[in-house]
Amino acid sequence: MSEISKTNWLKGTSGTIILGLITSFIYDFVKEKPILSTISSIFKSIWNFIYQILDTELKIWWILLVVIVIKIFQKVSKEYSKSKKPSLPDNLKNYVKDDFTNWNWKWEWNWDGDKNKWVIKSLWPYCKKCDIKLLIKSSVYDSAMECPKCKTRFESIHRETDDYDGVKAVIYDNVEKNRM
Ligand SMILES: [Zn+2]
């Protein structure tokens, strides 16, 4: 054995011995201290509990039962929110299209139970000339709106062409100020 490997061997062995000593010291220490052993037994029982849950055989009918309960709950809550939905006021009923920017815009009103108000749904731009739904042409570099009939086209660089939030804000403002 060379000098270097002898030193390495010595280092390895002494390391193992020291580690063993420390471990048995901790073990004895824990055994003597009732608080520490109580903590360790608490951890053990928590671990056993988790292990038992994980180890339980999962039965198909349990899963089915859970799925059925969730479905029933969803159905009931949907019915409940439906029953709370107010009827659409006349001013909103008729205000489902307007002329902004380069396009006409059409939308629907949808009751939002969380916000407790009517919100705009399915907002879409239409060609002013052809009254047809526009196509959204998007690529990595740009997006544009184009009429499939007359081929009128606006790039998104004209912010107003694809600024849905802006259009929505104008619609809400019109409703608020009764300018429909
Ligand atoms: Zn057109």
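Which residues of the largest nonpolar core touch the most other members? The views below, taken from a predicted model, begin with that core.

**View 1. The largest nonpolar core holds 17 residues.** Trp 105, Trp 107, Trp 109, Leu 123 and Ile 171 are the residues that touch the most other members of the core. At least two core residues come from each of strand 2 (103-112), strand 3 and helix 5. Strand 2 gives the largest share, with five residues.

**View 2. Trp 107 is shown with the residues it touches.** Trp 107 is one of the five core residues that touch the most other members. Leaving out residues up to four places away in sequence, Trp 107 touches Tyr 95, Val 96, Lys 97 and Asp 98. With the same residues left out, Trp 107 also touches Ile 120, Lys 121, Ser 122, Leu 123 and Ile 171. Among these, Leu 123 and Ile 171 are also named with Trp 107 in the core.

**View 3. Asn 104 is a residue of strand 2.** Is Asn 104 buried or exposed? Its relative accessible area is 19%, so Asn 104 counts as buried, the cut-off for buried being under 20%. Apart from neighbours within four places in sequence, the contacts of Asn 104 are Asp 98, Asp 99, Trp 124, Pro 125, Tyr 126, Cys 127 and Lys 128. One of these contacts, Cys 127, is also a ligand of the zinc ion.

**View 4. Four cysteines coordinate the zinc ion.** The donor atoms are the SG atoms of Cys 127, Cys 130, Cys 147 and Cys 150, at 2.2 to 2.3 Å. The angles among the four donor atoms are 103 to 112°, and the site is tetrahedral. Along the sequence, the donor residues follow the spacing C-x2-C-x16-C-x2-C. Cys 130 belongs to the loop between strand 3 and strand 4, while Cys 147 belongs to the loop between strand 5 and strand 6, so this pair ties together parts that are 17 residues apart in sequence. Cys 130 is partly exposed, at 23% relative accessibility, whereas Cys 147 is buried, at 0%.

**View 5. Three strands form an open sheet in the order 4-5-6.** The pairing in this sheet is antiparallel. Which strands lie at the edges? Strand 4 (135-138) and strand 6 (153-155) are the edge strands, each pairing on one side only. From one strand to the next, the twist averages 20°. Strand 5 (residues 143-146) is joined to strand 6 by three bridges, and these two strands run antiparallel. Met 145 has Phe 154 of strand 6 as its bridge partner.

**View 6. Asp 131 has a positive phi without being a glycine.** The phi of Asp 131 is about 50°. Asp 131 sits in the loop between strand 3 (117-126) and strand 4, the loop that also holds Cys 130. With a relative accessible area of 44%, Asp 131 is partly exposed.

**View 7. Asn 178 also has a positive phi and is not a glycine.** For Asn 178, phi is about 55°. Asn 178 is located in the segment after helix 5 (164-176). Helix 5 is among the elements that each supply at least two residues of the largest nonpolar core. Asn 178 itself is exposed, with a relative accessible area of 59%.

Technical notes. Residues are numbered from 1 along each chain as its sequence is written. This is a predicted model: local features need pLDDT of at least 70, side-chain atom pairs count only at pLDDT 80 or more; totals for chains, interfaces and linings use all residues. Side-chain values use heavy atoms; hydrogens and water are left out. Two strands pair if DSSP finds at least two bridges between them. Helices (H or I, at least four residues) and strands (E, at least two) are DSSP runs, numbered from the N terminus. Axes are lines fitted to C-alpha atoms, for helices over the stretch in contact, and angles run from 0 to 180 degrees between N-to-C directions. Buried means under 20% relative accessible area, exposed over 50%, partly exposed in between (1.4 Å probe, protein chains only). A nonpolar core is a set of buried Ala, Val, Leu, Ile, Met, Phe, Trp, Tyr and Cys residues joined through side-chain atoms within 4.5 Å. Contact means heavy atoms within 4.5 Å. Donors are N, O and S atoms within 2.8 Å of the metal (3.2 Å for Na, K and Ca); water is not among the atoms, so sites may look incomplete. Four donors count as tetrahedral if all angles lie between 85 and 135 degrees; four count as square planar and six as octahedral if opposite donors are over 155 degrees apart and all others between 65 and 115; anything else is irregular.
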